[in-house]
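Please open the model in your viewer and keep the sequence panel beside it. The stops below move from the whole chain to individual pairs of side chains.

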Amino acid sequence: LALADQRAHLEAHHESELAAARELISKSKDSEHAEQLAAALRERDDVHLTACRQLESELTHRHEREMSESRAAHTVALSDAEDRYRELESTMRAKHEAQLEVATEKVALEKDRCHNAE
């Protein structure tokens, strides 16, 4: 009977060690899986960060290029407007000078007529 008790005790002890080993393996697998998952997430985050930095760089360069083009277009438009203004001013000045000359001549003629009529 003692041998049967020893055998039962050894079987129970073996079963508990087996259960502990299974649990340890399960935890080890879970831990390994968690580490693999964390590594994969870190890698994905690194790829995402790289993509975000690249996009930010591309957008910055695009913005700088568009602003430069916009400033250039504004400079050209302003220059064209200034040229049109100067041309219009010159035309109007010439027209007014001609009108003033005609009016001055009319006044001089009218004055001569008045003097000749007296």
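The tour begins with the overall form and then turns to selected salt bridges.

**The whole chain.** Begin with the complete protein chain in cartoon view, bearing in mind that this is a predicted model. The secondary structure amounts to 1 helix and 0 strands. The radius of gyration is 50 Å, whereas the globule rule gives 13 Å for 118 residues, so the chain is more spread out than a compact globule. If you align the view with the principal axes, the C-alpha trace spans about 170 × 20 × 5 Å.

**The surface.** Next, switch on the accessible surface, which comes to about 11,100 Å², with 58% of that area belonging to carbon and sulfur atoms. What share of the 118 residues counts as buried? The figure is 0%, and a residue would need under 20% relative accessible area to be called buried.

**The charges.** Now colour the chain by charge, which should bring out 17 positive and 27 negative charges, whose mean positions lie 4 Å apart. Across the whole structure, a search finds 9 salt bridges, and the next three stops visit some of them.

**R7 and E11.** Select R7 and E11 and show their side chains, which meet in a salt bridge with an N to O distance of 3.2 Å. Both residues belong to helix α1 (residues 2-117), where they are 4 residues apart and therefore separated by about one helical turn. R7 counts as exposed at 57% relative accessibility, while E11, at 43%, counts as partly exposed.

**R44 and D45.** Move on to R44 and D45, whose side chains also meet in a salt bridge, at 3.2 Å from N to O. R44 is exposed, with a relative accessible area of 52%, whereas D45 is partly exposed at 41%.

**D83, R86 and E82.** Finally, select D83 and R86, which form a salt bridge whose closest N and O atoms are 3.3 Å apart. Which element holds both residues? They lie in helix α1, 3 residues apart, which is about one turn of the helix. D83 counts as partly exposed at 41% relative accessibility, and R86 likewise counts as partly exposed, at 48%. Add E82 to the selection before leaving this stop, since salt bridges that share partners join E82, D83 and R86 into one network.

Notes:
Residues are numbered from 1 along each chain as its sequence is written. This is a predicted model: local features need pLDDT of at least 70, side-chain atom pairs count only at pLDDT 80 or more; totals for chains, interfaces and linings use all residues. Side-chain values use heavy atoms; hydrogens and water are left out. Helices (H or I, at least four residues) and strands (E, at least two) are DSSP runs, numbered from the N terminus. The radius of gyration is taken over C-alpha atoms; the globule rule is 2.2 Å times the number of residues to the power 0.38. Buried means under 20% relative accessible area, exposed over 50%, partly exposed in between (1.4 Å probe, protein chains only). Accessible areas come from the Shrake-Rupley method with a 1.4 Å probe; for residues, only the protein chains shown count as cover. Lys and Arg count as positive and Asp and Glu as negative; His and the chain ends are not counted. The place of a charge is taken as NZ of Lys, CZ of Arg, CG of Asp or CD of Glu. A salt bridge is a side-chain nitrogen of Lys or Arg within 4 Å of a carboxyl oxygen of Asp or Glu.
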